Structure formats: structure tokens, C-alpha cells
Amino acid sequence: MTIPEARPDDVPTDGARVEQALRLLSGMPVGLDVAVKRLARGGGVYAWWAPPSVLPDLPGPPNDNDPSQRLLYLGRATSLRGRILRNHLRRSGSSTLRRTLAGLLVSEGYRTTWTDRVVLVPEDETRLTAWMHEHLRLTWAEDAEPTVIEAELVRRLHPPLNVHGVDPEHIQAAVVAAKNSYNASSGPNQP
């Protein structure tokens, strides 16, 4: 007979960690200039927010503390600071969020090129970062094992820009189309 390992009373359960993360992610979203100064180097989950006028065809739940903001995307990171600064605010090649935004903003004329994958041209990487600073806000919750709680958070919140981990009835067709369009926009040079 196997006896389950006892948990010390001060170690939160996965459910408690999810609830704590939900509380923090639903906190007041901050501008990216503020966020980049406050982000921890440790792991956690993060949420991107925007007013309903930004990407109006994609409904997301409103923020509990600022109903003028609605959830767009939820992610996890082993380093919150690194993931936000080096990926989401810099390079489309390593950020699903950036690639999806570029696909959704195709009418804005974002251009791509092929490296070892489809990426935005340097000028448009800069332009998208400026767009994100202007339109998006961020919340985050530190957690040493964000992978454990991310799936439950996505399942509960249904962020419209997330595709993986979202119940099929909540997957936004426009997001899938934008991802496909972006991925087909450039390819390796054919001989």
C-alpha cells in the first residue's frame, strides 16, 4: 500500500495557486513601460489586456479591476522578465503573441521575411512593439511551476488569442486564420 506524501500546511495546493494567480492576473493592468520595470526574473503566468476597441471582433473577458480592459492572451514563462522583454516585445520569431498580432493587423501592412521561419522585417518588429506599448496592458502572477497552473487558467478564462489549451468551442476562427495567413506570408526561397 502506498501512502500519499503529506504536504506541509504552508505549501499551497495547485487549486490555491490557480486562485492566487487568477486574483493577481485580474488585478489592475499596467502599461508596458511600468511593467518592464516591475517584472520579476522568476517564473509565472502573465495576461495581456486591451480596450474593446482594439481587435473589436475578438471578445475576451473584462478585467475585474478595470472593466475598460479585456483579456487577449495568457501565457507562462520560466522568467517573466525575459519572456516579456526578449520575446514578446522584441522578436516575432519567438513569440506566438507577436505573430498572431501581426496576422490580425495585416491591414496595417506588416511585412514578413523568411529566416529559418517567418518573421517580421526589422522595421515592422519595431512598429509592432510601439503598437503594443500604445494599446496593450499587462498583469502577471509569479509561480515557480507555471506549467502546472497555465492550462487551468486558459480553460477558465478563454483568452481569445490563445489556441492551445482552449476548449474547441472557444477557439476564435479569426485567430486561427490570422496565424495561418502570417505563416503563409513568407517561405524559404525556392531554387
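According to an unreviewed UniProt entry, residues 44-165 carry the annotation "domain: GIY-YIG catalytic"; UniProt positions are given in the numbering used here, feature names are shortened, and annotations may be inferred rather than shown by experiment. The model is predicted, so local features need pLDDT of at least 70 and side-chain atom pairs count only at pLDDT 80 or more, while totals for chains, interfaces and linings use all residues. Residues are numbered from 1 along each chain as its sequence is written, and side-chain values use heavy atoms, with hydrogens and water left out.

Over residues 44-165 the chain is 36% helix and 22% strand, and the C-alpha atoms at the two ends are 17 Å apart. Helices (H or I, at least four residues) and strands (E, at least two) are DSSP runs, numbered from the N terminus.

Four strands form an open sheet in the order E1-E6-E2-E3, with antiparallel pairing; two strands pair if DSSP finds at least two bridges between them. Strand E1 (30-31) and strand E3 (70-77) stand at the edges with a single partner strand each, so one side of each is left without a neighbour in the sheet. Strand E2 (residues 44-50) runs antiparallel to E3 and is joined to E3 by seven bridges. Val45 has Arg76 in E3 as its bridge partner.

In helix H4 (residues 96-104), the buried residues (under 20% relative accessible area, 1.4 Å probe, protein chains only) are Leu97, Arg98, Thr100, Leu101, Ala102 and Gly103. These buried residues pack against E2, E3, helix H3 (80-88), strand E5 (118-120), helix H5 (122-135) and H7.

Two residues of the loop between H6 and H7 were examined, Asn162 and Asp167. Asn162 is buried, with a relative accessible area of 6%. The side chain of Asn162 reaches the backbone oxygen of Leu74 at 2.8 Å. Not counting residues up to four places away in sequence, Asn162 touches Leu72, Tyr73, Leu74 and Val154, where contact means heavy atoms within 4.5 Å.

Asp167 lies between helix H6 (146-157) and helix H7 (173-184). Asp167 is partly exposed, with a relative accessible area of 27%; this class lies between buried and exposed, the latter being over 50%. With the same sequence exclusion, Asp167 touches Arg155 and His158. The C-alpha atoms of Asp167 and Arg155 are separated by 6.8 Å, and the two residues are twelve apart along the chain.

Note on methods: A polar contact is a pair of N or O atoms within 3.5 Å; within protein, one must be able to donate a hydrogen and the other to accept it, and residues adjacent in sequence count only if both atoms are side-chain atoms.
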